[in-house]
Amino acid sequence: MTVATKKDSMNKKKINSLTSPMILQGQITFLSRHGSTWFWGNVLAASLFILLRWVESDDSLPLLLVWYGAIIAMNVTRWLFGQGFLPSQHYSGEELSEFGQRYLIYSTLISALWGVSGIILFSPTSLTQAVHVLLLAGAIVAAMPVLALSSFALYVQIGAILLPITLNMLLLGETAQQSLALATLLLGVLLAMASRSITSLLNDLHAVQIQVQEQAHTDPVTQISNRRYFDSTFKTEWRRAARESKPLSLLMIDVDHFKRYNDKHGHQAGDQCLQIIAQCIKAVARRASDVVARHGGEEFAILLPDTSPDDAALLAERVRKSVEDQRIPHSDGAIPRIVTISIGVSSCTPNPPHDSHPPNEADVIYPAMLLNAADRALYRAKRNGRNQIARENCGDSVLKLPVAPIAVTHAA
């Protein structure tokens, strides 16, 4: 198998096994934004069915009203739930998955209510049965948007909507009803096939979206995350660390004398050097939650969620040693050398969301404080001779001004 084939198969596996949180948020945004459309579509279809059954016979009026009330209540519940989703807010993958699952539950319950109508509100009249089937088909079309979340859920809803009335018509034993039942089964198969085609199209679109997203978040030289992705993830992990009261560590890495390396060996060799260093960093920071990014030029960053300062320092030393062991030649004038890196390490535990403004304003920890502390530690490592790590606790270098005493005046 060629390298390209392996890469393609890995990409397909990744796309099929996991949907990007950004894409999932876009899908849920679409569902919530058009929630009123699905709501009014169900209400109009249910109203037409109630009117048709009421004109035909008023014997089952109480049952009709109970069913109609249940349909309205479930649609209102789903619509209000969808309105609670804020597209401008940044949600975690777990929050998006939970929201999508709850939306599917509400949609399935609505489909089940439509399916129940094929039993408790079944009409013996062939014309009414045909209209009933058409309205159920409309309910399936209204449920089609859940394909954005799960194709299997739509198949379940097709069965829940059409099977009860189909079985009821088959049990009647009359030729007209049996023919209509077969037509209903055929309609269900056609809708399932159409949804399968739509699912295939959605998967292709998802694949393109993921590829575009990866290209937008990947550094073209080192093939690791870029500054844009780092900044976005940093905000997300900061909020998560604040919510869970867990430490967040940051490593800022700079390649020593890289400008001299580029001037001596050329930009192509410089790119190859950065690629080797990027792979060394990725080989050490291997957790799924670790974020390795090219921060700019010859500078890299490693974001380590739920990592103590001591563990972050140990990982930094392993990264430094890994790059040193590569023995990349670096001719600086007449003295042969090897490429090394300097690392600044910092860590902090953000303030909990409910304590973002404590009584003492000096105790507030801001995201910029972690970034600045890691930058200062990196500068100190370079100033002290390079090829080493330096640590600085978040906020250690913040200038704390003395509080001026309150002047007390006395009446003469």
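**Exercise 1. Describe the secondary structure and end-to-end distance of residues 38–55 and of residues 62–81 in this predicted model.**

Solution.
- Step 1: Residues 38–55 are 100% helix and 0% strand, and their end C-alpha atoms are 26 Å apart.
- Step 2: Residues 62–81 are likewise 100% helix and 0% strand, with 28 Å between the end C-alpha atoms.
- Step 3: In its unreviewed entry, UniProt lists both spans under "transmembrane region", together with 103–123, 130–148, 154–173 and 180–198.

**Exercise 2. Determine how α3 and α4 are oriented relative to each other, and which residues make the contact.**

Solution.
- Step 1: Two packed helices are described by an axis angle and an axis distance.
- Step 2: For α3 and helix α4 (residues 61–83), the angle is about 175 degrees and the axes are 9 Å apart.
- Step 3: Angles over 145 degrees count as roughly antiparallel, so α3 is roughly antiparallel to α4.
- Step 4: On the α3 side, the contact includes Trp38, Phe39, Phe49, Ile50, Arg53 and Trp54. On the α4 side, it includes Leu64, Trp67, Tyr68, Ile71, Arg78 and Trp79.
- Step 5: By class, this contact has 15 nonpolar, five polar and two charged residues.

**Exercise 3. Place Ala45 in the fold and state whether it is buried or exposed.**

Solution.
- Step 1: Ala45 sits in helix α3 (residues 35–56).
- Step 2: Its relative accessibility is 17%, and the cut-off for buried is under 20%; Ala45 therefore counts as buried.
- Step 3: Beyond its neighbours within four places in sequence, Ala45 is in contact with Trp114 and Leu135.
- Step 4: Gly138 is 93 residues from Ala45 along the chain, yet their C-alpha atoms are separated by 7.6 Å.

**Exercise 4. Compare the end-to-end reach of α6 with the expected value, and name buried residues of this helix.**

Solution.
- Step 1: Helix α6 (residues 126–143) has 18 residues.
- Step 2: From first to last C-alpha, α6 reaches 26 Å, close to the 26 Å expected at 1.5 Å a residue.
- Step 3: Buried residues of α6 include Thr128, Gln129, His132, Leu135, Leu136 and Ile140. Leu135 is also a contact of Ala45.

**Exercise 5. Classify the packing of α10 and α11.**

Solution.
- Step 1: Helix α10 (residues 258–265) and helix α11 (residues 267–284) have axes 7 Å apart, at an angle of about 135 degrees.
- Step 2: This angle is outside the ranges for roughly parallel, perpendicular and antiparallel, so α10 and α11 are oblique to each other.
- Step 3: Phe258, Tyr261, Asn262 and His265 of α10 meet His267, Ala269, Gly270, Cys273 and Leu274 of α11.
- Step 4: These residues divide into five nonpolar, four polar and no charged.

**Exercise 6. Find the burial class and contacts of Thr233 and of Ile389.**

Solution.
- Step 1: Thr233 belongs to helix α9 (residues 227–244). With a relative accessible area of 9%, Thr233 is buried.
- Step 2: Not counting residues up to four places away in sequence, Thr233 touches Val291 and Leu303.
- Step 3: Ile389 belongs to strand β7 (residues 389–391). Its relative accessible area is 24%, so Ile389 is partly exposed.
- Step 4: With the same exclusion of sequence neighbours, Ile389 touches Ala313, Ala316, Glu317, Ile343 and Ala381. Glu317 is 72 residues from Ile389 in sequence, with 6.8 Å between the C-alpha atoms.

**Exercise 7. Summarise the whole protein: how many helices and strands, and what share of residues is buried?**

Solution.
- Step 1: The protein has 13 helices and seven strands.
- Step 2: Of its 412 residues, 43% are buried.
- Step 3: Among contacts with a separation of 6 or more, 73% join residues 24 or more positions apart.

Notes
Residues are numbered from 1 along each chain as its sequence is written. This is a predicted model: local features need pLDDT of at least 70, side-chain atom pairs count only at pLDDT 80 or more; totals for chains, interfaces and linings use all residues. Side-chain values use heavy atoms; hydrogens and water are left out. UniProt positions are given in the numbering used here, feature names are shortened, and annotations may be inferred rather than shown by experiment. Helices (H or I, at least four residues) and strands (E, at least two) are DSSP runs, numbered from the N terminus. Axes are lines fitted to C-alpha atoms, for helices over the stretch in contact, and angles run from 0 to 180 degrees between N-to-C directions. Angles under 35 degrees count as roughly parallel, over 145 as roughly antiparallel, 65 to 115 as roughly perpendicular and the rest as oblique. Contact means heavy atoms within 4.5 Å. Ala, Val, Leu, Ile, Met, Phe, Trp, Tyr, Cys and Pro count as nonpolar, Asp, Glu, Lys and Arg as charged, and the others, Gly among them, as polar. The expected span of a helix is 1.5 Å times one less than its number of residues. Buried means under 20% relative accessible area, exposed over 50%, partly exposed in between (1.4 Å probe, protein chains only).
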